[in-house]
Amino acid sequence: LKSRGRRSACFKFTSLVFSWRGFMSKVVPVTVLTGFLGSGKTTLLNHILESPDHGMKFAIIENEFGEVGVDENIIKEDSEEQIIEVMNGCICCTVRGDLVKVLKRLRDRLDSIDGVIIETTGLADPAPVAQTFFVDDDIQKSYKLDGIITVVDAKHIVEHLEEEKPEGVENESVEQIAFADRIILNKTDLVDDVKLGEVEAKVKKINGAVEIIRTEYSKVEPRKLININAFSLDRVLEMDPQFMDTEGEHQHDQTVSSISFKFDGELNVNKLERWLSIMLQTKAQDMFRYKGVMAVKGMDTKFVFQGVHMLFSGGFQDSFKWKPEEPRTCRFVFIGKNLDKADLEKNFMDCKVTAEPRFKVGDFVEANVGSWSGGKILKVWDDGNPYRIQLENGDQVWAPEDSDNFVRLKKAKQDGYAA
């Protein structure tokens with residue numbers, strides 16, 4: 001008891017439009033935001049959108065690795081949001097198909113936006129994305145590639161850069177750094193200066209001319225990233241003479257997969273936290289990225305969690321409340337190596353609340369507080385817990401699960417609780 005005192009998976013593009021002040025140029029600048037899984041891309045995107053300094057309105061194209069989208073639920077929105085969704089393949093594999101369609105669909109609204117930001121999935125090669133703006137005549141008329149911004153996780157990037165890949169399989173982290181016009185070296189608070197120096201040396205070995213900006217929590221002035229006119233086709237062609245070859249193919253690591261689930265309804269957050277704790281203890285090394293948005297029984301606030309390997313953060317955030325008309329759903333995405341889909345699905349579904357409470361307010365019960373103690377139900381589904389119970393000694397406790405392991409029917413009423 002708790003005492004309180006190129007891949008077959010589908011990808012989603014979501015376009016959101018945010019408030020602006022300023023004049024729309026004829027050709028709209030496009031910023032590609034990339035970086036390996038969990039580096040802090042969405043946090044950076046939110047920081048840009050929340051900044052009052054640029055006075056711009058953006059169209060956001062969001063690419064997720066998996067059938068169930070999560071990021072569009074944790075991107076800060078305003079009242080002018082408009083959403084376009086396209087379900088299709090990997091952004092770097094079908095870029096001249098679905099991405100082009102989304103960009104062309106946005107052309108009708110170019111007079112009301114100042115720029116486009118494309119956030120790629122963490123497993124995307126940015127080269128085919130950049131290629132789009134030079135091989136499609138219609139796209140060239142309306143858009144220009146302003147810059148590729150790569151977010152780098154200072155704590156984990158080295159192991160991903162040094163990871164041995166099967167023959168013919170590209171290392172996405174290397175590609176993301178090689179094509180970058182700016183490097184956001186993020187999470188600098190998690191490593192010391194010696195480690196930062198090692199990371200910067202490895203980055204410079206891949207891309208010697210790139211500017212590196214150190215950050216914590218992806219906080220950087222937007223003016224350093226937007227309208228910087230930094231992308232150079234000449235530099236890219238010097239680095240990669242085959243850049244304009246639209247027939248070229250690349251392969252992803254087939255041991256890496258995305259597993260995602262979604263259900264309508266609510267879950268028990270205590271069961272969820274216990275399961276995630278077990279996952280962190282046993283599978284963390286293979287979990288490149290995981291994130292979810294959950295509807296918790298007994299709570300009006302969304303439970304948002306995300307993590308990278310052993311680094312986990314999650315909780316209820318006041319900025320993400322369920323709207324009255326919004327369907328309460330639970331969704332998560334795990335991206336990693338050798339993931340067991342059936343096991344993940346079972347454990348996720350085990351957290352779902354499917355039965356009515358066994359007890360009602362006023363029922364006399366026994367609560368397991370290390371030993372069994374008599375008490376009375378004060379509230380059902382309180383603060384994310386099935387029951388709040390007042391014990392015979394006056395203390396109040398919460399039952400984290402509705403099972404006999406934590407709370408059971410009282411065999412006989414105590415005098416203090418006699419009906």
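Strands S2 (residues 28-34) and S6 run parallel and are joined by seven bridges. This pairing belongs to a predicted model, and it is a convenient place to enter the fold. Within S6, Leu145 is the bridge partner of Val30. Strand S6 itself spans residues 143-153, and ten of its eleven residues are buried. Strand S6 is also joined to strand S7 (residues 182-186), again in parallel, by five bridges. There the partner of Val151 is Ile184 in S7. Strands of a sheet pair through backbone hydrogen bonds, either parallel or antiparallel.

Confidence should be considered before going further. The mean pLDDT of the protein is 81, and 80% of its residues reach 70 or more. Two stretches stand out. Over residues 2-25 pLDDT stays under 50, and the model has 118 contacts beyond four places in sequence for this stretch. Over residues 66-91 pLDDT also stays under 50, with 111 such contacts in the model. Where pLDDT is low, the predicted coordinates should not be read in detail.

The strands S2 and S6 lead on to the nonpolar packing. The largest nonpolar core has 26 residues, and those with the most contacts inside it are Ile61, Leu103, Val116, Ile118, Phe133 and Tyr143. At least two residues of this core come from each of S2, strand S3 (58-65), helix H2 (95-106), strand S5 (115-119), helix H3 (126-135) and S6. Helix H2 supplies the largest share, five residues. A second core, separate from this one, has 25 residues, among them Ile259, Met294, Ala295 and Phe332.

Phe303 offers a view of packing further along the chain. Phe303 lies in strand S11 and is buried, at 2% relative accessibility. Beyond four places in sequence, Phe303 is in contact with Val269, Leu272, Glu273, Gly292, Val293, Met294, Val296, Gly314, Gly315 and Phe316. One of these contacts, Met294, is a residue of the second core. Phe320 is 17 residues away from Phe303 along the chain, and the C-alpha atoms of the two are separated by 8.2 Å.

Charged side chains add another set of links. Side chains of opposite charge can pair when their charged atoms come close. The structure holds 21 salt bridges. In one of them, the side chains of Lys297 and Glu266 meet at 3.5 Å, N to O. This pair links distant parts of the chain, 31 residues apart: Lys297 is in the loop between strand S10 (287-294) and strand S11 (301-308), and Glu266 is in the loop between strand S9 (256-264) and helix H9 (269-283). Glu266 also forms a salt bridge with Arg328, at 2.6 Å, N to O. Here too the pair links distant parts of the chain, 62 residues apart, with Arg328 in the loop between strand S12 (311-321) and strand S13 (329-337). Glu266 counts as buried at 18% relative accessibility, under the 20% cut-off. Its two partners fall in another class: Lys297 is partly exposed, with a relative accessible area of 27%, and Arg328 is partly exposed at 24%. Elsewhere, Lys104, Asp136 and Asp138 are linked in a network of salt bridges.

The last part to follow is an open sheet of five strands with antiparallel pairing, in the order S17-S16-S15-S14-S18. Strand S17 (396-399) and strand S18 (407-409) are at the edges; each has a single partner strand, so one side of each is left without a neighbour in the sheet. From one strand to the next, the twist averages 45°. Inside the sheet, strand S14 (residues 364-368) and strand S15 (residues 372-382) run antiparallel and are joined by five bridges. Phe364 stands opposite Lys376 in S15. Strand S15 covers residues 372-382, and Asp382 forms a salt bridge with Arg388, the closest N and O atoms being 3.0 Å apart. Asp382 counts as buried, at 10% relative accessibility.

Terms used: Residues are numbered from 1 along each chain as its sequence is written. Side-chain values use heavy atoms; hydrogens and water are left out. Buried means under 20% relative accessible area, exposed over 50%, partly exposed in between (1.4 Å probe, protein chains only). Helices (H or I, at least four residues) and strands (E, at least two) are DSSP runs, numbered from the N terminus. Two strands pair if DSSP finds at least two bridges between them. A salt bridge is a side-chain nitrogen of Lys or Arg within 4 Å of a carboxyl oxygen of Asp or Glu. Axes are lines fitted to C-alpha atoms, for helices over the stretch in contact, and angles run from 0 to 180 degrees between N-to-C directions. pLDDT is the predictor's confidence in each residue, from 0 to 100. Contact means heavy atoms within 4.5 Å. A nonpolar core is a set of buried Ala, Val, Leu, Ile, Met, Phe, Trp, Tyr and Cys residues joined through side-chain atoms within 4.5 Å.
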